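Welcome! Open your viewer, have the selection tool ready, and let's walk through some charged residues together.

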Amino acid sequence: MDDLARARYAAESKSRADAYIFWFLLAPLGAHRIYLAKYDGLAQPVLLATGLFLVLRDEAGSGVGTFLIACGLLWLFADAFLIPGMVRGYNRRLERSLTRDQPG
């Protein structure tokens with residue numbers, strides 16, 4: 001990797017600390033996954049909002065909203081353990097893309 005690629009890697013790589021800050025402060029919005037270019041994180045706020053909507057509207061007590069909220073919270077809890085691997089994966093993909101762009 002040449003100096004330019006190293007500089008780009010340093011500028012564009014993601015840190016575990018930043019990912020955890022996003023997770024801690026904005027987890028229900030999926031911000032930690034969006035930070036790591038995992039756009040499936042957009043499903044987290046949809047899942048939680050749908051569950052909350054159903055809980056607030058559910059007069060019959062079916063429990064579907066509670067189930068959706070529980071699934072969303074479990075997903076957010078699991079992400080606390082998945083973040084290091086997601087950061088490593090992002091940084092590996094970045095490094096591969098930078099070395100692939102090398103001349104020669």
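Start by selecting R8, which counts as partly exposed because its relative accessibility is 37%. Keep in mind along the way that this is a predicted model.

Now add E12 to the selection. R8 and E12 form a salt bridge, and their closest N and O atoms are 3.1 Å apart. Look at the backbone between them: about one helical turn separates the two, because they sit four residues apart in helix 1 (residues 3–12). E12 is partly exposed too, with a relative accessible area of 30%.

Next, select R33. Is R33 buried or exposed? With a relative accessible area of 6%, R33 is buried, since buried means under 20%. Which residues does R33 bridge to? One is D40, with the closest N and O atoms 3.1 Å apart; D40 is partly exposed at 40% relative accessibility. Another is D79, where the closest N and O atoms are 2.9 Å apart. R33 belongs to helix 3 (residues 31–35) and D79 to helix 5, so this pair ties together parts 46 residues apart in sequence. Both R33 and D79 are buried. Through shared partners, the salt bridges join R33, D40 and D79 into one network. The count of salt bridges comes to three.

For the last stop, turn to the surface and select R16, R88, R92, R93, R96 and R100, which form a positive patch. Helix 5 (residues 64–100) gives the largest share of this patch, five residues. Click on R92, which lies in helix 5 and is partly exposed at 48% relative accessibility.

Terms used
Residues numbered from 1 in each chain as written. Predicted model: local features only at pLDDT ≥ 70, side-chain atom pairs only at ≥ 80, totals over all residues. Heavy atoms only, no water. Patch = residues over 30% accessible without salt bridge, like charges linked within 9 Å, V, L, I, M, F, W, Y side chains within 5 Å. Areas by Shrake-Rupley, 256 points an atom, 1.4 Å probe, with all protein chains shown as cover. Salt bridge = Lys/Arg side-chain N within 4 Å of Asp/Glu carboxyl O. Lys, Arg positive; Asp, Glu negative; His and termini not counted. Charge placed at Lys NZ, Arg CZ, Asp CG, Glu CD. Buried < 20%, exposed > 50% of the residue type's maximum accessible area, 1.4 Å probe, protein only.
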